[in-house]
Amino acid sequence: MIEPIKGTVVGQPVPLVDGIEKVTGKAVFTADLIAPDNLTGRILRSPVSHGRIIRIDTSKAEALEGVTAIVTGEDCAFTYGVIPIAMNEYPIARDRVRYRGEAVAAVAAVDARTAEAALELIELEIEELPAVYTPKESRAVGAELLHDNKPGNLEREVHHEFGNVEDGFASADLVSQEVFHCAEINHAQMEPHAALAEYDVSRDHLTLHSVSQVPFYVHLTLARCLEMDTSHIRVVKPFVGGGFGSRTETLNFEIIAALLARKAGGKVMMQLTREETFITHRGRPDTEVKMKIGLSKSGKITAAACEVVMSGGAYAGYGLVTILYAGALLHGIYDVPTIKYDGYRVYTNHPPCGAMRGHGTVDVRHAFECLLDRMARQLNLDPFEVRKANMLAAPMFTANGLMINSYGLPECLEKVKAASGWNERIGQMPEGRGLGMACSHYVSGAAKPVHWTGEPHAVVSMKLDFDGGITAFTGASDIGQGSTTIVAMAAAEILGVDLGRVRVLTNDSAVTPKDNGSYSSRVTFMVGNAAIEAAKAMREKLVAAAATKLDVSPDEVECEGESFFVAGSSQSALPFQDVAIAALASEGTINVKGTFTTPVEAQGGKHRGGAVGSTMGFSYAAQVVEVAVDPDTGQIAVDKVWVALDCGFAINPLAVEGQIEGSVWMGMGQGLSEETHYKNGLPVHGNFLDYRVPTIVESPDIEVHIVESIDPLGPFGAKEAGEGALSGFPPALANAVANAIQTDVNFLPLTPDRLLVALNKSRRAARRKEAS
């Protein structure tokens with residue numbers, strides 16, 4: 001076991017460097033960028049789920065006083081999408097609409113009232129076509145195709161088999177198969193979508209401020225859709241009020257705002273309502289999982305087979321990646337000798353789904369952990385012991401080519417087992433109360449980026465100037481996860497300076513280096529490593545200057561506590577400011593950079609789709625959930641959660657704890673109450689009353705345990721901390737409910753009405769068994 005670093009900055013609990021601005025209201029978000037010359041943008045949306053656009057007449061709207069620009073599908077002939085080989089969506093519908101609420105036109109006007117009045121004046125004629133709302137309807141013989149080049153309305157099907165699965169099942173003492181259904185859910189981030197686009201007519205330059213997690217991808221998409229040179233575009237990300245994956249691809253309102261700004265020759269503010277934000281959601285898709293597991297009497301897994309059907313919505317988006325992730329991360333957590341996966345991503349006439357925290361893995365992990373628990377019960381085995389019987393041995397590669405260098409799951413299991421009093425309490429709790437457990441894992445960044453250019457995966461540049469301040473520049477998007485703080489801490493630790501001496505500037509394509517964005521928990525691992533490399537380059541220059549002043553070789557100089565000195569020497573230490581001045585004297589402003597590129601061996605297997613799921617390191621989590629279930633109402637109260645996460649090394653334990661709690665809380669939402677609802681394609685969940693997220697009232701005590709396995713490739717040994725714990729909560733909840741009321745359920749969320757139906761069914765079955 002590698003020992004964790006004894007840092008003076010890293011490893012210490014540090015408040016986020018941008019926290020003061022957020023809690024005092026000083027933080028400026030996109031919607032705060034209000035100016036007198038802003039025009040107001042509004043979008044006209046399709047009233048039907050599927051149809052052919054016959055006519056759009058904007059003449060009356062154009063004649064309305066105060067209207068400065070109107071755009072339709074005719075204003076953009078280019079498709080867009082986050083996956084280069086799957087771009088099949090237009091910013092504004094052309095020829096056909098494929099979901100209710102799809103953009104068909106947009107207006108820029110002097111104020112909101114005028115813009116909304118203009119929308120009312122646009123004449124829209126659509127020939128309605130048959131709509132399909134479920135994968136079953138969509139895949140039926142003769143079903144209307146959403147895309148002519150996708151027979152059977154299949155966006156993507158995946159078939160992978162590693163080892164001989166049938167032999168694995170044949171060698172098992174127990175084989176079980178069940179089907180699980182997980183409802184579509186939304187990110188429900190606090191900040192609604194917004195974008196401010198400004199077009200400079202004289203220079204043919206476009207500046208976009210937006211809520212994006214991926215400014216680089218937005219930049220490329222704007223250039224494509226507006227047919228502009230990338231050098232004429234500037235993308236800036238202000239503060240962002242949450243993302244959770246909803247903003248990991250370019251969204252249509254960003255392009256529409258830019259189209260309007262160019263046509264109006266000015267500035268257009270596009271603020272979506274909460275309902276529109278729900279429509280433009282890219283959430284976790286409605287998913288059916290058929291899971292089959294083989295188990296020996298001792299609890300060893302002999303084989304697993306999984307079939308997944310996802311209802312992906314009307315367009316491709318991240319769907320290709322999502323369906324691949326669902327199968328890829330069956331691997332990498334347990335020693336499963338043979339695995340078969342069949343995945344189907346199906347088009348339906350709903351808003352397109354995409355990436356959401358724990359992208360692609362949550363529903364499959366739920367099914368696996370629930371079924372594994374039930375099989376353990378059948379074999380009279382403790383669920384902890386079953387997991388421990390299937391541990392991996394790092395370093396290793398999985399059958400599908402995933403690299404694992406550190407593996408703290410055994411310690412995670414021990415911590416939550418002991419903390420929850422599992423051995424003493426399981427089976428001894430009163431009726432209606434129960435304990436459940438589950439494990440989970442997630443990637444520390446995708447080893448291959450969406451847009452493969454050959455460039456480094458992350459770049460951080462660093463500057464030292466006359467003021468003695470260290471400025472780090474990064475394109476990494478801090479969306480609340482604390483990545484800006486990680487960059488500052490890494491710089492301060494390596495340079496031996498106070499954290500207050502470091503400032504971090506982020507997300508302005510005219511100033512900061514390109515970064516691929518905040519998705520798949522990549523920033524700490526990749527940008528953290530780049531920041532360390534940049535700080536080392538800066539330190540080398542400072543040490544050289546100090547060595548000259550001390551008249552010693554650089555190898556003899558040590559740097560600590562903002563001082564440069566020779567250990568054991570009687571010479572006085574040099575303060576940082578003096579050394580900085582000396583370094584600047586020789587070359588002026590000092591600029592250095594650091595980069596990070598994933599090693600080739602981390603980039604996945606050679607099979608088709610093998611890059612998806614590949615990473616430099618996996619986080620691992622185990623958790624125990626305690627519940628109280630009212631058998632008369634079906635109401636579930638989560639009383640306590642014990643969770644342990646292997647994050648490699650906690651660079652900032654305070655932020656790590658917050659990320660783990662947030663993961664648990666988001667998993668609780670999916671487990672208990674969150675789901676979207678549509679009536680003939682109309683979203684009826686588009687507010688925070690009908691879309692039920694847990695509040696502080698439902699939030700349990702969450703006891704966090706941090707496990708540090710020290711990954712050899714991670715920055716200071718760190719791995720991701722923001723997603724790994726999420727997918728363990730729903731199955732731990734379901735397993736706890738089963739323990740409390742002796743009823744297994746195969747659906748998410750576990751709403752009271754559904755639970756009562758399942759409980760009554762279980763009671764009837766028990767009575768029939770007694771009668772026989």
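Buried, in this tour, means under 20% relative accessible area, exposed means over 50%, and partly exposed lies in between, with a 1.4 Å probe and protein chains only. The model on screen is predicted, so local features need pLDDT of at least 70 and side-chain atom pairs count only at pLDDT 80 or more, while totals for chains, interfaces and linings use all residues. Residues are numbered from 1 along each chain as its sequence is written, and side-chain values use heavy atoms, with hydrogens and water left out.

**Stop 1: backbone at Asn507 and Glu562**

Select Asn507, which counts as buried because its relative accessibility is 2%. Asn507 sits in the loop between β21 (502-506) and α15 (523-550), where helices (H or I, at least four residues) and strands (E, at least two) are DSSP runs numbered from the N terminus. Although Asn507 is not a glycine, its phi is positive, at about 55 degrees. Move next to Glu562, in the loop between β22 (557-560) and β23 (563-566); this residue, also other than glycine, has a positive phi near 60 degrees.

**Stop 2: two cis peptide bonds**

Display the backbone from Ala394 to Pro395, where the peptide bond is cis and omega is near 0 degrees. Pro395 belongs to the loop between α11 (383-388) and β16 (396-397). Then go to Leu748 and Pro749, which are likewise joined by a cis peptide bond with omega of about 0 degrees; Pro749 is in the loop between β31 (747-748) and α19.

**Stop 3: helix α9 and its surroundings**

Select residues 319-328, which form helix α9; ten of its ten residues are buried, so the helix is largely enclosed by the rest of the structure. The buried residues include Gly319, Leu320, Ile323, Tyr325 and Ala328. To see what surrounds them, colour β7 (154-162), β14 (301-313), β15 (339-347), α10 (362-378) and β18 (433-443), against which the buried residues of α9 pack.

From here, select Tyr341, in strand β15, which is buried with a relative accessible area of 2%. Leaving aside residues up to four places away in sequence, Tyr341 touches Val158, His159, His160, Cys306, Val308, Ile323, Ala326, Gly327 and Leu330, a contact meaning heavy atoms within 4.5 Å. Add Met291 to the selection: its C-alpha atom is separated by 9.6 Å from that of Tyr341, although the two residues are 50 residues apart along the chain.

**Stop 4: salt bridges of helix α10**

The structure holds 42 salt bridges, each being a side-chain nitrogen of Lys or Arg within 4 Å of a carboxyl oxygen of Asp or Glu. Select Glu369 and Arg365, whose closest N and O atoms are 3.1 Å apart in one such salt bridge. Both residues lie in helix α10, four residues apart, about one turn of the helix, and both are buried.

Next, show Asp744 and Arg374, a salt bridge in which the closest N and O atoms are 3.5 Å apart. This pair links distant parts of the chain, with Asp744 in the loop between α18 (729-741) and β31, Arg374 in helix α10, and their positions 370 residues apart. Asp744 is partly exposed, at 34% relative accessibility, whereas Arg374 is buried, with a relative accessible area of 6%. A separate selection of Arg55, Asp57, Lys60, Glu123 and Glu125 shows one network, joined by salt bridges that share partners.

**Stop 5: strand β1**

Select Glu116 and Arg42, whose side chains meet in a salt bridge (3.2 Å, N to O). Because Glu116 lies in helix α3 (residues 112-121) and Arg42 in strand β1, the pair ties together parts that are 74 residues apart in sequence. Glu116 counts as partly exposed at 40% relative accessibility, while Arg42 is buried at 19% relative accessible area.

Thr40 is also found in strand β1 (residues 38-45) and is buried, with a relative accessible area of 16%. Not counting residues up to four places away in sequence, the residues that Thr40 touches include Val107, Asp111, Ala115, Val268 and Met269.

**Stop 6: helix α19**

Finish by selecting Arg764, in helix α19 (residues 752-771), which counts as partly exposed at 42% relative accessibility. Extend the selection to Lys761, Arg763, Arg767 and Arg768, which gather with Arg764 in a patch of positive charge on the surface. Patches are made of residues with over 30% relative accessible area and no salt bridge, like charges being joined within 9 Å and nonpolar side chains (Val, Leu, Ile, Met, Phe, Trp, Tyr) within 5 Å. Lys and Arg count as positive and Asp and Glu as negative, while His and the chain ends are not counted; the place of a charge is taken as NZ of Lys, CZ of Arg, CG of Asp or CD of Glu. Accessible areas come from the Shrake-Rupley method with a 1.4 Å probe, and for residues only the protein chains shown count as cover.
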